[in-house]
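Student: Could you take me slowly through one part of this model, the charged pairs and the strands beside them? I would like each term explained when you first use it.

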Amino acid sequence: MKIKMEMKKFTRVMVALLTLTTFFVACGGDDSDSDNGGGPSSGGTSIMTNEQQKSKMETIAKEFMSYFKASNFQNVVDITKYANETYNDDNYNSDAVNRWWSDCLDAITELNGVSGYSKNYIRLYIASNFVGHFNANTSTKKWEYTSASDLQFTFKDKKGNTCTATLSTSGEKKKVYVGDSFDYNWDNYTSETDEYRYKNYIMVPENINVTFTQSGTTIASIVVTTELSGMSSVDYDLSKDSYSATCKMTVNDYTFNTSKVAYSPSSASVSLTVSKGSKTLISMSVSASGSVTNDQVEEGNISNVGTVNINMDILGDLQVKGTCSSCSKFKSYMEKADANDNNESTYKSYILQANSLLDIGLYYDNSNTKQASVFLEPFQQDDYYERNWYCEPVLKFSDGTTYSTFEAFFDETSFQDVIDKFNALIDEYTDMVD
């Protein structure tokens, strides 16, 4: 019974995510559209009631889910399950892989001094040191190694088709420190336990390519491109450095494209899309201005982060966009509200100030007509000992007459069909991987 109730809560959240996920990044906006107006505009779209919007969102959610049938990924899941069950250490001799890995680690490891019972090493991971081809020999039940200029694993799937996973790199490289690791010699009984300390570095390549083929046809791939020339040293420094990267992943005819991840001492941004064939299913862009340091990030301090803009589009049918004019102030107001959650007037005052920084709206069919706004609403909560206040995200519709909490709007009456379809979709994926 408890699992059922938790699933109901989860599906409500997922329905909300299909339509209003952006609020939970706290702030949002669209840099290219400064007019988020509240009524009919040049788009010519009339104001919709909340019931009309429920119907619209239900239609969008159903179509969105229809693009993610579990059967669309069945081939990848089948290959992965078969490979894990067949080519593991219990069934195939992997001595060649283990020796290769040990030799690779030895090649990149350099002693950097001894202190008491501790030995200090430096490890510099370079892709060119981790190369070779491995083939699962079905006759000998062994992984066999041959030298090569890239890294590749080849095996047969359940139907005897040849499957190959390949990793290759190219372009300029940048040395980056990625942290320390430790190991211990627990078998040393003649003295105190030996400790091995490793300072780990990676030579990050400009281009990383991973492909997975079945009978010569690529069914999955990942292409990562990095630009780290703006990194001032091997240690990242958010107050000085600039970074950028792209990542494109394909699975069958699905493409997950992070077309831009960029950071500089004064701004950060990310843009991504998910598409099936030529159909764009969802796109999102987020940008922020301001500055942070390493220490501030570790402490969760965003005191110098200013405007944040977000723009999300689902199927070209639903857009959520808006702005938080100061994320630092928004965070501060929310923290002060929480600290005064037993004082009604003070709590409501801070929530009001937080709302003044937000301008987040719902739009349909790429119109400029804002159909609803998202803001925070204070609510009273009583327990046995005291009265407290909390807030929830609320939809205020542009006709000015109604508003609704997310829980009330995405109720099990209006969205029951969507919830049922989502549960069925989850069951499909569960059955597929079991």
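Tutor: D382 has a relative accessibility of 46%, so it counts as partly exposed, a label for values between buried (under 20% relative accessible area) and exposed (over 50%), found with a 1.4 Å probe and protein chains only. The areas themselves come from the Shrake-Rupley method with a 1.4 Å probe, and for residues only the protein chains shown count as cover. Please keep in mind that this is a predicted model, in which local features need pLDDT of at least 70 and side-chain atom pairs count only at pLDDT 80 or more, while totals for chains, interfaces and linings use all residues. Residues are numbered from 1 along each chain as its sequence is written, and side-chain values use heavy atoms, with hydrogens and water left out.

The side chain of D382 meets that of R387 in a salt bridge, at 3.0 Å from N to O; the term stands for a side-chain nitrogen of Lys or Arg within 4 Å of a carboxyl oxygen of Asp or Glu. R387 is also partly exposed, with a relative accessible area of 47%. In general, side chains of opposite charge can pair when their charged atoms come close.

A second salt bridge joins D359 to K370, where the closest N and O atoms are 2.8 Å apart. Because D359 lies in strand β15 and K370 in the loop between β15 and β16 (372–382), this pair ties together parts that are 11 residues apart in sequence. Strands here are DSSP runs (E, at least two residues), numbered from the N terminus. D359 is partly exposed at 32% relative accessible area, whereas K370 is buried at 8%.

From D359 we can step across to strand β14, since T323 stands opposite D359 in β15. Seven bridges join β14 to β15 (residues 358–364), and these two strands run antiparallel; two strands are said to pair if DSSP finds at least two bridges between them. Strand β13 (residues 305–314) is likewise joined to β14 by seven bridges, again antiparallel, with D313 opposite Q319 in β14. In the hairpin of β13 and β14, three residues sit between the strands, and L315 takes a positive phi near 60°.

As for β14 (residues 318–324), seven of its seven residues are buried, so the strand is largely enclosed by the rest of the structure. L318, V320, G322 and C324 point one way, while Q319, K321 and T323 point the other way.

Technical notes:
Helices (H or I, at least four residues) and strands (E, at least two) are DSSP runs, numbered from the N terminus.
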